[in-house]
Amino acid sequence: MADATDARPGLELLAANRSVVGGTEVVRHLPKRTHRTVGPWCFADHFGPDDVATDPMTVGPHPHIGLQTVTWLYAGEVRHTDSLGSDQVIRPGQLNLMTAGKGVAHAEQSPPDATGELHGMQLWVAQPDATRWGSPAFEHHAELPRAELPGADVTVMVGSIAGSPGARSAARADSPTVGLDVGLRGRVELPLDPAFEHGVLVVDAPVAVDGQVVEPGTTAYLPPGRASVTLDGDARAMVLGGAPFEAEILMSWNFVARTRDEVDDAHAAWAEVVADGGGSERFGEVRSPLGLVPAPPR
Ligand code: MN
């Protein structure tokens, strides 16, 4: 079974992977069998839009290691609480970035007074060896650099637009990374860093990527060596990329690691938290009215 479908040379189309999780439609853009990572990006779920009155977000405290969670909303609000004591509501156009390092726990829920739609992208960035055993951290960026290019409004979530180092996001990046939200209203030639590989995630309407029509849910993969890509449409897209990641990662549930032993240790440590209730040295404690999320059977 192949993820990739026929595409023009230099462009690889990674097919949509749709599922319904608790009443919410989720499109998994990453990982794909042929591309476990694009740069350091190792997970990308597009969720919603959903009516928050019937499908509120209620994700109880759960752990992470070895990754950064990057939350981006198109509509609605989510309240993030974590074991560092962070308590932050995120809104469209803002960025929540949590670094797990050796261990963190967090919960995400719709505020009780939330109405309307909830719609967004949940992304993970794999941490390099240099930082993945480090301390957890949390950042909220209410303001991000924006660029108005001919044919597109671009918000720089992480990194910068190639050739425009002035408009660099203040969001932490542990390895060379780019993350752009692209609001297309025509045709744009988006500069790229040739040292990076990229994925163009097509969100809500077809986008012509270098002239090839890409349907929503599909990711167009661009190998390193590209100085630009042409996007054309009336649509929302996300461009994720970075230097090809330094290592092959092992992903298990909410953990990003390198070896089976590392994953087993993390599972055992969280199982102890779930069994005992309360907190732990590794994952801390999240103040949340929601119950702890146990790992699924392995
Ligand atoms: Mn999480």
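Is aspartate 210 buried, exposed or partly exposed? Aspartate 210 counts as partly exposed, at 29% relative accessibility. Its surroundings appear in one of the close-up views below, and the model shown in them is a predicted one.

**View 1. The manganese ion is held by three histidines, His62, His64 and His106.** Each of these residues offers its NE2 atom to the metal, at 2.1 to 2.2 Å. Read along the sequence, the donors follow the spacing H-x1-H-x41-H. Histidine 62 sits in strand β6 (residues 58–64) and histidine 106 in strand β11 (residues 104–109), so this pair, 44 residues apart, links distant parts of the chain. Both histidine 62 and histidine 106 are buried.

**View 2. Histidine 106 and its neighbours.** Here we stay with one of the metal-binding residues, placed in strand β11. Histidine 106 has a relative accessible area of 1% and therefore counts as buried, the cut-off being under 20%. Leaving out residues up to four places away in sequence, histidine 106 touches Gly60, Pro61, His62, His64, Thr69, His80, Thr81, Asp82, Met98 and Val286. One of these contacts is worth tracing along the chain: histidine 80 is 26 residues from histidine 106 in sequence, and their C-alpha atoms are separated by 7.1 Å.

**View 3. Proline 56, in the loop between β5 and β6.** Proline 56 has a relative accessible area of 40%, so it is partly exposed. For a distance to set beside the previous view, look at proline 56 and threonine 99: they are 43 residues apart along the chain, and 25 Å separates their C-alpha atoms.

**View 4. The largest pocket holds about 920 Å³ of space.** Its lining is made of 31 residues, and those closest to the pocket centre are Val21, Val26, Asp45, Met57 and Val59. Two or more lining residues come from each of β3 (18–21), β4 (24–30), β5 (41–51), β6, β7 (67–75), β11 and β12 (117–126). Which element gives the largest share of the lining? That is β5, with 5 residues. By type, the lining divides into 14 nonpolar, 12 polar and 5 charged residues.

**View 5. The largest cavity has a volume of about 30 Å³.** The count of cavities of 30 Å³ or more comes to 1. Around the largest cavity you will find Ile65, Gly66, Gly101, Arg132, Trp133 and Val256. These lining residues divide into 3 nonpolar, 2 polar and 1 charged.

**View 6. Two cis peptide bonds, each leading into a proline.** Most peptide bonds are trans. Leucine 30 and proline 31, however, are joined by a cis bond with omega at about 0°. Proline 31 belongs to the loop between β4 and β5. The other cis bond joins glycine 48 and proline 49, with omega at about 5°. Proline 49 has its place in strand β5.

**View 7. Positive phi values at aspartate 210 and tryptophan 253.** Most residues other than glycine have a negative phi. Aspartate 210, the residue from our opening question, has a positive phi near 50°. Its place is in the loop between β18 (207–209) and β19 (212–214). Tryptophan 253 has a positive phi of about 50° although it is not a glycine. This residue lies in the loop between β22 (250–252) and β23 (255–257). With a relative accessible area of 24%, tryptophan 253 is partly exposed.

**View 8. The largest nonpolar core has 28 residues.** In soluble globular proteins, nonpolar side chains tend to be buried together. In this core, the residues with the most contacts inside it are Leu180, Val182, Leu190, Val200, Val209 and Leu231. Two or more core residues come from each of β15 (152–158), β16 (177–191), β17 (197–202), β18, β20 (219–222) and β21 (228–242). The most are given by β16, with 6 residues. Valine 182 makes a good starting point for exploring: setting aside neighbours within four places in sequence, it is in contact with Ala152, Asp153, Val154, Leu231, Ala235, Arg236, Ala237 and Val239. Apart from this core lies another, of 22 residues, including Val38, Leu144, Ala171 and Leu240.

Methods:
Residues are numbered from 1 along each chain as its sequence is written. This is a predicted model: local features need pLDDT of at least 70, side-chain atom pairs count only at pLDDT 80 or more; totals for chains, interfaces and linings use all residues. Side-chain values use heavy atoms; hydrogens and water are left out. Donors are N, O and S atoms within 2.8 Å of the metal (3.2 Å for Na, K and Ca); water is not among the atoms, so sites may look incomplete. Helices (H or I, at least four residues) and strands (E, at least two) are DSSP runs, numbered from the N terminus. Buried means under 20% relative accessible area, exposed over 50%, partly exposed in between (1.4 Å probe, protein chains only). On a 1 Å grid over the protein atoms alone, a cavity is a set of points where a 1.4 Å probe fits but cannot get out, and a pocket is an open set with protein on both sides within 12 Å along at least five of seven lines; lining residues have an atom within 4 Å of a point. Grid points are joined across faces, edges and corners, and a volume is the space filled by probe spheres set on the points. Ala, Val, Leu, Ile, Met, Phe, Trp, Tyr, Cys and Pro count as nonpolar, Asp, Glu, Lys and Arg as charged, and the others, Gly among them, as polar. A nonpolar core is a set of buried Ala, Val, Leu, Ile, Met, Phe, Trp, Tyr and Cys residues joined through side-chain atoms within 4.5 Å. Contact means heavy atoms within 4.5 Å.
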